[in-house]
Amino acid sequence: MDGWGTGRETPSVSWVRIRLQRMLRSGPEACPCGARAEAGCNKLGISVPRIAIISDIHGNRVALEQVLRDCEVRNVDAIFCLGDVVGYGPEPSECLSLVRANCKLCIRGNHEDALLHPETMKGWNVVAKAGIAFARRTMSADALAFIGSLPSSFAISETILGVHDSPVPSEDGMSYLRTKQDAAEAFGWFSERFCVIGHTHVPSCFVTRVKTARDTIGLDDVDERPLTSNDGRSTVELPRLGRVIINPGSVGQPRDRDPRASYAVIDLGRSVLELHRVEYDVAEVLRRSLAVGLPIQVGERLAMGA
Ligand SMILES: [Fe+2]
């Protein structure tokens, strides 16, 4: 399969820099294995052609259940989660249980960090803080311990790097990758063929023909591939040479004015990216949010996709 398991370049100063940065963010690298996500296991060796990437579920169980059903219909071989399972929504525990049961691996997002380290919520709005306070009140010690064990990145067969926000390190540990300029900088910080990210809640896809992280990458080297999905599905042909940054959008709180849940499938055999949008019962999530005392803005935001 093209690009799968190809050899690494000779280690260089920049490569060592990337590895060191990743170790600082994730702890020491674990041994490759195909086991379900558990503590410290963030380097997998798998050979499956269709990989679903989900992110930013935010306690929205109704949306997650619909997305998991959709993954089944679309013959996905494995599901990977990019974090922010909790926060905002009314069912963080249930979402975490579904992720543990259905995903090969999950990494920590900034909302998981906030759950464990409330001091990181400086500057957050009241709605975001309310979601974390609710999760902390209602999640079990086992669930919190599991969240504490999650890595902050993963690598799949040295082909796909997964991070919550961006491969570019930032002082507060969280940055937004939204534009071609952001992507050009980010391509300098990883060597895998694919980097999958979440955090913005907006689906996006950037490609470059530049093959290694060591090259200087300018705006002219980066293309953004539009992900239009009026009929619920968008397909993008991925270059077999070069590298790609993919954001699957958000399962539980889309912010691109489309309220449907969003997730991506990378078909490694056909070298194709599929973006899927899935309808779910937003009014039911609003009912559940109000029933547990969360602010009404949670449901209003879901209805607008904002
Ligand atoms: Fe998020």
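Colleague: Which residue in β12 does arginine 50 stand opposite?

Modeller: In this predicted model, arginine 50 faces aspartate 267 of β12.

Colleague: What makes β2 and β12 paired strands?

Modeller: Pairing asks for at least two bridges. Strand β2 (residues 50-54) and strand β12 (residues 261-267) are joined by four bridges, so they count as paired. The two run antiparallel.

Colleague: Why are β4 and β10 said to stand at the edges?

Modeller: The open sheet has six strands in the order β4-β3-β2-β12-β13-β10, with mixed pairing. β4 (105-106) and β10 (233-237) each have a single partner strand, so one side of each has no neighbour in the sheet.

Colleague: How do you know that isoleucine 53 is in contact with Ile246?

Modeller: Contact means that the C-beta atoms lie within 7 Å. Ile246 is listed among the contacts of isoleucine 53 beyond four places in sequence, so that pair meets the cut-off. The others in that list are Phe80, Leu82, Val196, Pro248, Tyr263, Ala264 and Ile266.

Colleague: Why can Ile53 be called buried?

Modeller: Ile53 belongs to the largest nonpolar core, which has 74 residues. Members of such a core are buried by definition, so Ile53 has 20 or more other C-beta atoms within 10 Å of its own. Ile53 and Ile246 touch the most other members. Helix α2 (residues 61-73) supplies the largest share of this core, six residues.

Colleague: And how much of the chain is buried?

Modeller: Buried residues account for 45% of the 306 residues. The chain holds nine helices and 13 strands.

Definitions and conventions. Residues numbered from 1 in each chain as written. Predicted model: local features only at pLDDT ≥ 70, side-chain atom pairs only at ≥ 80, totals over all residues. Buried ≥ 20, exposed ≤ 12 C-beta atoms within 10 Å, placed from the backbone. Core = buried A, V, L, I, M, F, W, Y, C linked by C-beta atoms within 7 Å. Contact = placed C-beta atoms within 7 Å.
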